[in-house]
Amino acid sequence: MFARFAAAGLAASLTLGCGSNAPEVPEELLASGPGCAAPDYPADGVGTETGDVVKNACFVGYRAPDRVAPSAAHRETIAFSDYYDPAGTKGVSLLLLNTAAIWCSACVAEHGNLPARATELGPQGLVILSSLFEDGQKHPASVDDLERWIANFHTNFPMVADPYLYLGPYASTALAPLNMVVDPRTMKILRKYVGDQGSVMWPYIESELKARSAAR
Amino acid sequence: MRGLPFALALPLWAALVPSRALALEPGSVVGTPVLVEVNESSSLYYNFDNRDSKPSQVPTRANDGFGLIYNRLSAQATAGSVSLGVRVDNVWFYASPNATQVALDLTNEARPANAPGYFRSKLDEAGLELSNRFIDWVYPSKYYLTYSRPGLEATLGDASAQLGRGIVLSVRKRDELGSDTTIRGARVTVSSRGPVGLKLTALGGELNPLRIDEASGRYLGVPSSRDSLGTLTEAGMPRAIRTDFAPLNADCQASPTCGYAPDRITAGQVEFSGERWKLGTQGSALFRAAPLSEDLLRSAQRMLTLSQSVELARVLPDLSLYGELAYQHLTEPADAPRSDPGYGLYASASYTPEDVALTLEGRHYRRLFPLAANVKLARAGEFASLAYNQVPTTELEDNDTEYERMNTCVSGARLRGDFTLRRGVRALGSLSHYVTYAESGANEACATTAQQLNRVYDASSGFALDSSDRAKHLEVVLGGRLDRAGRELKLGDGSESHLFYTEAYLRHQLELPISGDFSFSLTGRHRRRAQAEGGPGVPWSEGEEVLGVEWAEHSSLGLGAEYDTRPGVPHRYFNIELSHRPTPSSRIALFAGQRRGALRCVGGICRLYPPFEGVRLDLAMRF
């Protein structure tokens with residue numbers, strides 16, 4: 001009896017599993033697109049893990065939502081390359097890339113405190129760049145969602161919408177928020193935090209800011 | 001070792017070799033009879049589109065259209081006091097998603113302005129996502145050599161263990177969560193009998209969780225071993241690999257497919273016992289490799305947990321008591337801030353006079369953390385709940401509404417009652433109240449301020465009716481949960497509220513004989529839920545009903561219907577489950593249909609399962 005069951009199962013599995021060839025990719029997708037060009041941005045060592053260079057990406061959002069009221073007229077294109085500062089001339093000592101989603105309660109709790117952190121550590125050179133990637137139903141976040149979020153949390157740091165999930169490769173969005181501490185001189189990922197890990201992240205950022213200030 | 005041929009060979013071997021030849025044939029070694037026991041268990045899955053895909057999401061697209069055969073072959077030979085056992089797991093993915101196809105599908109749906117850039121980005125992400133999913137493996141998941149005689153038990157290899165109620169150490173099989181963790185090393189237990197019994201347990205080694213997650217097809221790859229112990233314990237286990245999308249280097253943290261750095265543990269227990277009492281002192285020390293996820297628990301170089309337990313059975317004629325006081329210390333890296341040691345008290349009292357069963361369980365925990373495994377969450381989130389202890393929650397076993405790290409900074413108690421009103425009629429009820437400071441925001445320091453406070457009230461009431469021959473059974477329980485935050489919570493629409501979470505639920509179970517050996521059952525659970533911060537943004541309902549027909553111990557048929565009214569997810573799910581035992585030592589089960597995605601919890605250990613739509617065939621045989 002067991003042999004009959006096993007034979008039936010095996011036949012079914014082989015039937016289901018056959019014929020998985022790689023698909024053809026249309027020519028237009030292989031061309032280089034308009035892209036998010038930044039000629040000086042580092043091209044070597046790009047990756048998703050600690051020590052890798054963050055791939056440049058462009059978003060729509062607000063660079064200073066506390067100073068310029070979010071509205072259609074004030075939307076800006078913001079790229080990681082805007083904060084690349086190899087010579088230390090932009091005043092960015094450390095870049096914190098953060099993700100958030102409306103469905104994510106840990107993100108909501110985290111953003112209750114982020115504006116205060118930005119106020120406290122901004123003068124020491126910390127730039128927080130946050131991206132809102134999904135709404136309450138896990139659909140791509142719109143710029144309208146972003147504007148409501150900014151109004152709710154009185155966001156005072158650059159914040160963008162990421163409907164195409166360009167930060168998806170760095171960690172599963174199911175475990176949001178993601179926080180990556182990036183060295184603006186090289187755009188290398190120094191630390192990567194999955195979930196709201198403020199108790200270990202903020203001491204690290206503070207010590208890193210101190211060290212960078214002392215080295216100047 | 002990757003082994004597609006072996007994956008095929010095992011089920012074929014089990015199926016084709018005549019069962020008579022595989023039956024237990026006791027032989028002898030040096031005059032000692034040898035008993036051999038073989039267990040073969042196979043699962044064949046096919047996952048269709050589970051309808052959870054969202055625009056631009058690679059992981060939810062990559063969990064469609066895959067199929068696998070998972071084999072578990074266990075063999076144990078016992079000769080006198082010595083047992084030798086091995087379990088070999090192997091998985092063969094006979095169908096899996098293609099990274100290029102995933103990227104193409106997402107690009108065609110999203111139609112972004114920069115289609116080439118988007119496609120390239122999704123191709124890289126899909127390639128990375130698939131680098132540690134749907135890989136064929138065969139590996140020795142468990143093996144052991146045990147010597148056992150009265151007063152002494154010694155094991156070399158894999159051993160499970162629980163000390164006290166699990167605060168200090170709990171590594172064992174948890175079928176509901178698909179986990180089976182052991183300690184691969186050595187374990188010795190020495191005991192003596194007498195008016196005062198003494199039991200000493202000592203164990204140590206590397207923690208060995210199952211490396212392949214059947215639900216997602218993800219595996220935990222380990223780095224090249226750092227020393228001889230690691231070389232020994234990780235021999236033959238799934239390794240981190242290099243793919244076109246995932247580089248591999250000596251640094252596990254920088255290698256995407258390196259998902260687990262085996263933790264090491266030493267633990268022990270001294271237990272004195274009398275006729276009606278037991279006194280236990282237990283401790284564990286967990287040692288880490290470099291953290292693969294930067295959080296308080298996984299960054300700790302060492303986690304020391306100690307506890308003292310007291311058990312008093314029938315201290316009064318109908319009263320039994322248990323208490324456990326625990327202490328925990330985390331050794332953080334030199335550049336990290338110091339954290340205060342944690343502590344906790346768990347206590348339970350059971351009062352069982354005639355026709356009444358009352359149980360009171362209480363907990364008071366401050367910075368008492370799970371011994372979380374050193375898993376790379378960014379690449380293997382399915383293993384996020386992997387931990388080596390289980391801190392009692394005092395809640396219902398399957399409670400899934402303790403948010404964030406509620407159990408690490410909480411005080412409260414639960415009282416359960418079961419009252420027999422007359423023969424076959426029982427009243428059921430429970431009442432609990434907890435004060436927690438780690439539910440509506442991260443609070444590892446366990447600051448007990450009004451800003452962090454959540455008050456949780458949970459109550460249930462119901463009845464159970466049984467016929468005099470126990471063949472008919474009806475149980476209905478109604479309950480609710482109110483979770484109120486001390487601070488104003490910001491809702492999605494900009495308004496504010498203190499209500500963090502609310503729920504009302506109904507559970508029921510009906511069993512009726514039909515005729516002869518046939519019986520009928522109807523089991524269900526229905527919930528109305530609302531979550532203020534995060535979540536879908538609106539109240540929702542979810543639940544399931546399962547209608548079953550059983551033929552004694554031989555066969556069963558289950559028809560299931562589930563629903564979930566959250567916006568953005570499919571609302572209805574249907575399934576059928578058939579189970580048959582051709583012989584007492586074999587079982588075949590078929591599940592076909594849909595099951596909704598859900599957070600499933602067992603004793604406070606929770607895992608988020610994606611929805612399932614497909615077919616699963618399970619075969620189990622014992623020789």
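## Helix packing, core and chain contact

In this predicted model, helix α4 (residues 99–110) of chain B packs against helix α5 (residues 115–130) of chain B at an angle of about 140 degrees, their axes 8 Å apart. Axes are lines fitted to C-alpha atoms, for helices over the stretch in contact, and angles run from 0 to 180 degrees between N-to-C directions. Helices (H or I, at least four residues) and strands (E, at least two) are DSSP runs, numbered from the N terminus. The two helices, α4(B) and α5(B), are therefore oblique to each other. Angles under 35 degrees count as roughly parallel, over 145 as roughly antiparallel, 65 to 115 as roughly perpendicular and the rest as oblique.

Residues are numbered from 1 along each chain as its sequence is written, with chains lettered from A and ligands numbered from 1 in the order in which they are written. Local features need pLDDT of at least 70, side-chain atom pairs count only at pLDDT 80 or more, and totals for chains, interfaces and linings use all residues.

Now the chain contact. Chain A gives 67 residues and chain B 73 residues (contact: C-beta atoms, placed from the backbone, within 7 Å). On the side of chain A that touches chain B, α1(A) has the largest share, eleven residues. The classes on that side are tabulated below.

| Class | Members of the class | Residues on the side of chain A that touches chain B |
|---|---|---|
| Nonpolar | Ala, Val, Leu, Ile, Met, Phe, Trp, Tyr, Cys, Pro | 38 residues |
| Polar | the others, Gly among them | 23 residues |
| Charged | Asp, Glu, Lys, Arg | six residues |

Ala101(A) is in contact with Cys107(A), Leu132(A), Phe133(A), Glu134(A) and Ala176(A), leaving aside its neighbours within four places in sequence.

How values were computed: Contact = placed C-beta atoms within 7 Å.
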